[in-house]
Amino acid sequence: MSEEQIKNLEEQFEARIARDEKIEPKDWMPEKYRQTHIRQISQHAHSEIIGMLPEGNWITRAPSLRRKVALLAKVQDEAGHGLYLYSACETLGVSREELYEQLHSGKAKYSSIFNYPTITWADMGAIGWLVDGAAIINQVPLCNTSFGPYARAMIRVCKEESFHQRQGYEIMIKLANGTPEQKEMAQDALNRWWWPSLMMLGPTDAESVHTEQSMKWKLKRKSNDELRQQFIDQTVPQADLIGLTIPDPELKWNEEKGSYDFGEINWDEFWQVVKGHGPCNKERMKARVGAWERGEWVRDAAMAHAEKQADRKLNKAM
Amino acid sequence: MSEEQIKNLEEQFEARIARDEKIEPKDWMPEKYRQTHIRQISQHAHSEIIGMLPEGNWITRAPSLRRKVALLAKVQDEAGHGLYLYSACETLGVSREELYEQLHSGKAKYSSIFNYPTITWADMGAIGWLVDGAAIINQVPLCNTSFGPYARAMIRVCKEESFHQRQGYEIMIKLANGTPEQKEMAQDALNRWWWPSLMMLGPTDAESVHTEQSMKWKLKRKSNDELRQQFIDQTVPQADLIGLTIPDPELKWNEEKGSYDFGEINWDEFWQVVKGHGPCNKERMKARVGAWERGEWVRDAAMAHAEKQADRKLNKAM
Amino acid sequence: MKNENLYKYILGIADNSLILGQRLGELCGHGPSLETDIACTNISLDLFGQVRSYYQYASKVAGDGRTEDDIAMLRKEREYVNVLLVEQPNTDFAYTMARQFLFDMYHMLFLNELQKSKDVTLSAIANKCIKEVSYHLRFSSDWIKRLGDGTEISHQKMQDAIDGLWTYTDELFHQTEADKQMVEEGIGVDVIKLKETYYTKVSELLHEASLKTPESKYFQKGGKQGVHTEHLGYLLSDLQYMQRTYPNMEW
Amino acid sequence: MKNENLYKYILGIADNSLILGQRLGELCGHGPSLETDIACTNISLDLFGQVRSYYQYASKVAGDGRTEDDIAMLRKEREYVNVLLVEQPNTDFAYTMARQFLFDMYHMLFLNELQKSKDVTLSAIANKCIKEVSYHLRFSSDWIKRLGDGTEISHQKMQDAIDGLWTYTDELFHQTEADKQMVEEGIGVDVIKLKETYYTKVSELLHEASLKTPESKYFQKGGKQGVHTEHLGYLLSDLQYMQRTYPNMEW
């Protein structure tokens, strides 16, 4: 193809996106679009998979059968999200094995929030309420993103996530209205998860890269700081409602701008965790890589069996 | 050596034993004596080592710090017994590795009692009281056995065992005098450990092999049935004293013979466990073999390091 | 308790699902593939759903104010009456699948009969569960075949798992006094009658999977009397942790 | 509580020994050789002995009727204030020995100072413990050298263990508010002053063992504030099992 032809295609492509048409896997797309989407969708898929671990940590210790069932269902949903996000990613011409390899080698990232430990039951509430809450704010705009498979996956994901978020908040309500010990547990979880949740909305706009391009492709609709403000404005009243205190002495309603002012985020901690030195980065990777390695003989066997079955069918047919 | 010379030596050997002289490792001894002792001493050593497992199972869950310390000390003692019994055995010209190999391959036996699971804390009491109690009855006569290293080891072992036995009985006293739940726990442990403890004294005399030879070599002083009777007569009053019931409806004081009559032992169960099909035979072997295999690189490293150190010394000296 | 045998009978069923569900729950996020993770979590979820139905009924039968959670999480180690099979650890994926298959096959036959129970609640629960369990059985059977007839390594591992767990199968067909009473009253399932079919069907599938049916005639028992393997205690200390540490609270 | 800082200070010392002792207790009968089994059990035993002295003292200081066992076994997960280092799992023998060494070296320097405490009870405990701990340190140091300077495999495993656990060393030298108060009163040890000596001595031994001293400057913290790794919860569910399940009983 000549340079001009490519330019032409690119212009048509951008025009389609501008008209809110969906790009489908078989459509022509610029290589950068493909790569950006592989990166973002797989990062999202990895986050779902790694995200199973901190919550999975409390399945065996859930305090009631009802909560255990709900937690199992939630973790199963996350595995499901992972599954169809990987599928969406595969439509861009990358294999699941390659994506895993990127995760296991540390090349691919996942959401840093999952590098914090879940140390009490209340963390199950806080994760649902805050982490899924922040995730939804990140993800709702993606339901209208330009790449069809990703947009459709996000519609389903967001629906389930908001169910999870309500479920998490409901755990917090129960604790906050419970015994003093339970209330303390809830407050402690909020204290530990609040700041990392704010970090989930990404670095400040000043530090953020790729934003302009992402806006054009509808991978992003609002800036990180806007999303963060939205999250705070939405969450603070929820905390107030159940009598929990946001652990930020500088948090204050700003009548003029119609939203909350808040304190300085510890960006050193943010970057330490992103770079692989958070409290659980190593544990998480060890768990995933370990599962993958321990599972190798199982996957090999499944493959071998499928081949044998195919051969047998073929032999019968001949 | 001529046959006559050997016969001569054998006669002198038997005479020495008859005079209650001790046989020492460097003394001449009949091959059968050597083999019998290797078998019995190593079996005893293995029992100490395997015996660490059922009790080790409750170290992390001991109900008080005092009990935890006592349990750790007891298990450590058992390891110590294992250590000097293996040493006694090694004086007969067999290496520790060979002995382990016999254990791990299933060729060597160990006391069947350790193939029962420890499922409540009261089992720590029952093991001390009953299992160590039966062991002492088996072992006290061995303090006068003919083979010097074994006899000396047994003196030390018996002293510690009787401490363990008192400690176990003391656990039972505390439980029996405790809450109804604790008393029930103690009774339940007695119910489960009573019959296997009777089996520890070995098959009935009718089924027992090697006895005559063992008597001559002072490896045995009384028959299994005599030892069993002694154990029962000693233990029943101890149970009575703390208000626990021996789980044998046929148990009855026999005024005439001055000892207890008791019910039929389930010898099918005995042989099933001896043959490797008890509740925990596989678990115990898996634990030991697993530890040994996982430890191989450690032992290799220790050896390699020792060689390097020796070389360095030598080089320095030259 | 007015109907103690029925209460005991319900626990005898429910505890199996509770403990097996708990074991599967340990694996969440640690399986050999995302698909097996989802399936195992799903089976665990089904089992806990069943468990809730049973314990809610048991709570009603007991009528002493104990809730489903009290029954599930506040008994002593000697009061759990699950079979030894389901408490065996997740040694590796072959063990996990063999344990599942050996239980699912029984579970399927059992529920099929329980549907005919005179007790309408049990019959209704059985009716609801059987669809789920037939999926479990299909899933575990498929893996027995895949691993049995996969690679040399997987064949060996699966044979080891079947051999290792075989000793716990016979107990599935033991009857407690409560069981016998319930059979007599037309409420319980006469498990003895299921035994032959069970071993035939298991053998058939093992054969299809190129695996040998173990010949050992030595079996372990005790679970139904609350005499468990040493594995159960540790499982319970996690299962009960929250209820024990924070008693009498709502979650 | 009249002397809350002292109480907290004692727990800060005792919890380290408690949790490390518990970890070592898990290994009993599962070590690479009989000799190491005996040694690890012995170290565990020493640590629990120390723990009893500290908690008995803490019980006296608290003066609210809580016994040594209540303090050891009936706190919530967020109330244990051990450093993260000691709760790390027994991944393999290299990790076990590396954890031991990295703690023993600190423990030794710490007790050496604690002997000079104005608090006569703490000073006496330190005096008693230091002999035990110097044996622990000799034992763990020897194994660092054996494994570091043994085979290629053992060298790699030991280096991995040191690298993996390094991130938990810095926390040993953090001070809580209670710590600072106790230092001011001449009761507590100013751990910050031990830091340089610690890293020098550790580096020297690693060098002697042909191992590299890690250069990473990223460290984990939180244990002293009761924010632990996910490993601690499971350890506690076993540690507390009996006290939680059978409350208010004598054993």
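How many salt bridges does the rule find across the interface of chain D and chain C? The rule, under which a salt bridge is a side-chain nitrogen of Lys or Arg within 4 Å of a carboxyl oxygen of Asp or Glu, finds zero across this interface. The model is a predicted one, in which local features need pLDDT of at least 70 and side-chain atom pairs count only at pLDDT 80 or more, while totals for chains, interfaces and linings use all residues. Residues are numbered from 1 along each chain as its sequence is written, chains are lettered from A and ligands numbered from 1 in the order in which they are written, and side-chain values use heavy atoms, with hydrogens and water left out.

Between chain D and chain C, 10 residues of chain D are in contact with 10 residues of chain C, contact being taken as heavy atoms within 4.5 Å. The two chains bury about 1,100 Å² between them, 49% of it on carbon and sulfur atoms, where buried area is the accessible area (1.4 Å probe) that two parts lose on being put together, summed over both. Of the area that chain D buries against chain C, 40% is supplied by D:Ser237, D:Tyr241 and D:Arg244, more than by any other three residues. Six residue pairs, both members at pLDDT 80 or more, are in polar contact between these chains; such a contact is a pair of N or O atoms within 3.5 Å, and within protein one must be able to donate a hydrogen and the other to accept it, residues adjacent in sequence counting only if both atoms are side-chain atoms. On the side of chain D that touches chain C, α10 (231-239) and α11 (241-245) of chain D each supply at least two residues, the helices being DSSP runs (H or I, at least four residues) numbered from the N terminus.

The contact between chain A and chain C takes 49 residues from chain A and 47 residues from chain C. These chains bury about 4,100 Å² between them, with 69% of it on carbon and sulfur atoms. Here the rule finds four salt bridges, and the side chains of A:Lys308 and C:Asp149 meet in a salt bridge with an N to O distance of 3.1 Å. The count of residue pairs in polar contact is 15, both residues being at pLDDT 80 or more. Several helices of chain A each supply at least two residues to the side that touches chain C, among them α3 (65-90), α6 (148-176) and α7 (180-199), and α3(A) gives the most, with 14 residues.

Helix α11 of chain A (residues 281-294) has 14 residues and reaches 20 Å from its first C-alpha to its last, close to the 20 Å expected at 1.5 Å a residue, a span reckoned as 1.5 Å times one less than the number of residues. Buried residues of this helix include A:Arg284, A:Met285 and A:Trp292, buried meaning under 20% relative accessible area, exposed over 50% and partly exposed in between (1.4 Å probe, protein chains only). What covers the buried residues of α11(A) includes α12 (296-317) of chain A and α2 (34-62) of chain C.

In chain D, D:Asn90 lies in the loop between α4 (84-87) and α5 (93-114), and D:Asn90 counts as buried because its relative accessibility is 17%. A polar contact of 3.1 Å joins the side chains of D:Asn90 and D:Glu26.
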